[in-house]
Amino acid sequence: MNMKRFSITKNAAAVMAVILAGTLMTGCGGSKSGSSGDNLVLEFRGGDYLSGKPYLVTANKSLRELSCSNGTVLKVNPVTGEEAPETQWFYVLPEEYFTSYDLDYDREKSYIERCRGSLTDGSDMEAETELALTDPLTADQWHLYNIGQNPYGVSEDPVKGVDINVIPAWRTVLEDRKAQLDGSGVYVVVTDSPVDINHEDLRDRIYDPGIPGSEDLINTGISLEYLKASPSSEHGTGVAGIIAASGVNNLGVRGIAFNANLIAVDASKSDNEARFLGYILQMGSKPKLMNASWGLDLLSYNLPDVADLYEALYEQGTPVIHAMGNSFDDGYDENNKHYSSSICLEMGINCEFMQTGNIGHSPFVINVGALNSLGVKAVYGSTGSSIWVTGFGGEYGYDTNMPEGMITSAAIVTTNCQYDPKDWNDPDANSPWRNDDNKYYTNTMNGTSSAAPSVSGAVALALQAKPDLTVSQIRYLLATTSRNDSVMPSLALTVKEAASDRTYGEPMVYDYGWQDNAAGFRFSNHYGFGVVDAAALVKGALACDSDPVCAGLKELPEVYVSGNASPCQFTDDTGRNVTCSFADFRDPEDQETVLGSSELIVDAVTYDISGITYLPEGMKDFCALAASPEDEEITEHNTERKQAVFDANLVFQILAESQAGTKSLIKPLYANWDYKSGFNAPYVTYAEVVSGYMLAPFNIVTSTFYRETLKEDPDKHWTLSLKSPCKLDLDALNKSMNLTVYGRKKQE
């Protein structure tokens, strides 16, 4: 930090610079109105001008009054109500200083405060003080406060105002607790690669839940040897920093919930999923959440025991914040030889269907997409009907290998492992941003892996504001407070369609863009309900009890499952197009309990599609091979069959429609999908995978119908339409197909 002194008189050279709580405090004075000529010295202690945490200002002289040019000077602490002693005041920089976004980069990092004191003898004296960021790299964290800063060396400056709007959230005062929001009392479980728990900006945030036998998974830390062998394992440390890197500590960066407790869980081994979910449940009902910046590409399965654990977390009140995925622009190449084609790249639509493992198609997991610093979806960010909201992921940032003239925009600045970059293959060690002062930090973190923790940080603040929020309430608050295209015009989308699809030769919609559902919620497969707004989320949390809808989501929802026989029928004579209509909704735990004449306000829906089965006939040659039996061992036939299933799945479409006529494109054409291909087998044998061991039931979800109404109506049903290149086995579909609806009965 540069230490500066400002002189007005010759005596000012004797004034000392004092550094307390990471802030440079220098006093310099002048003699006016008959003053004695001695210097007025002001010391600013313990505050933070970003969050509005009050500074305690001490004067070396008896003053009747004190005023400052930028900030507000008070005799009563606006947070705690404490009265300042005679020679002290409290100082706060008003929120309005930041709302115009007209600061320049240097002025965000520090500014000069000019204060005037009225002495008891009637004379006035002045002092100048430099106040600096208490976390020096915060000025580089555009996702916290975006003024168009570009210290990264990227070609495109961030767009002012595209940020999480957290400064007003931090400045929220909890009157009953005499505290501001910073994540205090909230526990965030970071399931990821091992986190550097000894990092200077993380070590004070690490919490030990004290679960016997968990030492090999919880708070393990990361060694230099581990990092050398797997440089990408820095991932978890970056995620943890976005959520809760310590704030107001004169070090590095700041997390969104910078005083929350972090519990680092090593999720790098996929077969530990059930085990670490069990540990999280053992942590009890304290205000907590789970961040999952990981997912499974082209690995569709359902493990009932794992599904039950996610349901138990929901019932316990623990939200799971999950990264949607980074495969929007993943086409066929040397790394993706299993992809059927790159048509998705040509058409600018999502390249991969992301409802794969249990976490990807669990009805109450909060899936998060990624926004970049320009205010649009990140190029890599996966889309789909299961997305709930969008966080801040950035783009790839500065790349030392990028071609000359390549357009680049900012990634996320966060914590990196605390080892010298020269000692391991640090991916951004040579970027122009890096130097000896920030070598334990990175400016190239990105992906929905960065977006999810930005939402987790905001949710942690909401949980501090109202610790008893349920998962349903958090989902509601995110849906109602996030910013859609009506608030952020940069999010605008158009319907993506064709008059004649290249496969089917008929009109086709590939993406509906933004649409208003029948309950008035605006949704898109690109952004979910919109871009998270931390301040609005916190405000909504504090008002939840006075909002009848939010308050009504306190209890767990009722569950009803359709029970009508043979819900699926062919819609033409090709045998390839099917529509399933759902009725006769019953409580799955008590078949005698029916929905009847009641109306259910939808919280979540799932469709069991495990009966999808190809027959040998169809419009493509691959149908015969895709429908052929799987060998028990890995053979050349199995390899060819796997590719045939991929080819069929590529041009398979799943379209849902509510009773109100709202449409949701769940599985769009040209999104690669491994379903029932036998590709990858992480938990069980290859033969068990292809036999359907992990695929029944297999539920897929959509967020589109949130808060719409389900009722029994003989003339209008909820439907699911399937379009296939191969004939479908209708009997197999009807054996398992159903619609499960979670919701609460509409009150008369």
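**Close-up views of the predicted model**

**View 1. A disulfide between Cys344 and Cys351.** Cys344 counts as buried, because its relative accessibility is 1%. The cut-off for buried is under 20% relative accessible area. This is a predicted model. Cys351, at 0% relative accessibility, counts as buried too. The two cysteines form a disulfide, with their sulfur atoms 2.0 Å apart. Look at the turn about the S-S bond: it is 95 degrees, and the link of Cys344 and Cys351 is right-handed.

**View 2. A disulfide between two strands, β25 and β26**. Cys568 and Cys580 form this disulfide, and their sulfur atoms lie 2.1 Å apart. Cys568 sits in strand β25, residues 568-570, and Cys580 sits in strand β26, residues 577-582. The pair links distant parts of the chain, 12 residues apart. With 100 degrees about the S-S bond, the link of Cys568 and Cys580 is right-handed. Are these cysteines buried or exposed? Cys568 counts as buried, at 0% relative accessibility. Cys580 is buried, with a relative accessible area of 0%.

**View 3. A disulfide between a helix and a strand**. Cys623 is joined to Cys726, S to S 2.1 Å. The torsion about the S-S bond is about -90 degrees, so this disulfide is left-handed. Cys623 lies in helix α13 (residues 622-626), while Cys726 lies in strand β36 (residues 726-728). The pair therefore ties together parts that are 103 residues apart in sequence. Cys623 is buried, with a relative accessible area of 0%. Cys726 is buried as well, at 0%.

Now step back to the whole set of disulfides. The structure holds 5 of them. Number the bonded cysteines in sequence order, and the pairing reads 1-2, 3-4, 5-6, 7-8, 9-10.

**View 4. An open sheet of 4 strands**. The strand order is β3-β4-β7-β6, and the pairing is antiparallel. The edge strands are β3 (42-45) and β6 (72-74), and each pairs on one side only. From one strand to the next, the twist averages 30 degrees. What holds such strands together? Strands of a sheet pair through backbone hydrogen bonds. Here β3 and strand β4 (residues 55-59) pair over 4 bridges. Leu42 stands opposite Ala59 in β4.

**View 5. A salt bridge between Glu43 and Arg45**. The closest N and O atoms of Glu43 and Arg45 are 2.8 Å apart. Arg45 is partly exposed, with a relative accessible area of 35%.

**View 6. A salt bridge between Asp603 and Arg475**. Their closest N and O atoms are 3.4 Å apart. Asp603 is in strand β29 (residues 600-608) and Arg475 is in helix α10, so the pair links distant parts of the chain, 128 residues apart. Asp603 is buried, with a relative accessible area of 3%. Arg475 is also buried, at 1%.

**View 7. A salt bridge between two loops**. The side chains of Lys554 and Asp468 meet at 3.0 Å, N to O. Lys554 lies in the loop between α12 (548-551) and β24 (558-562). Asp468 lies in the loop between α9 (448-465) and α10 (471-481). The pair therefore ties together parts that are 86 residues apart in sequence. Lys554 counts as partly exposed at 33% relative accessibility, and Asp468 counts as partly exposed at 40%. Salt bridges that share partners join Lys466, Asp468, Asp545 and Lys554 into one network. The structure holds 26 salt bridges.

Terms used. Residues are numbered from 1 along each chain as its sequence is written. This is a predicted model: local features need pLDDT of at least 70, side-chain atom pairs count only at pLDDT 80 or more; totals for chains, interfaces and linings use all residues. Side-chain values use heavy atoms; hydrogens and water are left out. Two strands pair if DSSP finds at least two bridges between them. Axes are lines fitted to C-alpha atoms, for helices over the stretch in contact, and angles run from 0 to 180 degrees between N-to-C directions. A disulfide is a pair of cysteine sulfur atoms within 2.5 Å. Buried means under 20% relative accessible area, exposed over 50%, partly exposed in between (1.4 Å probe, protein chains only). A salt bridge is a side-chain nitrogen of Lys or Arg within 4 Å of a carboxyl oxygen of Asp or Glu.
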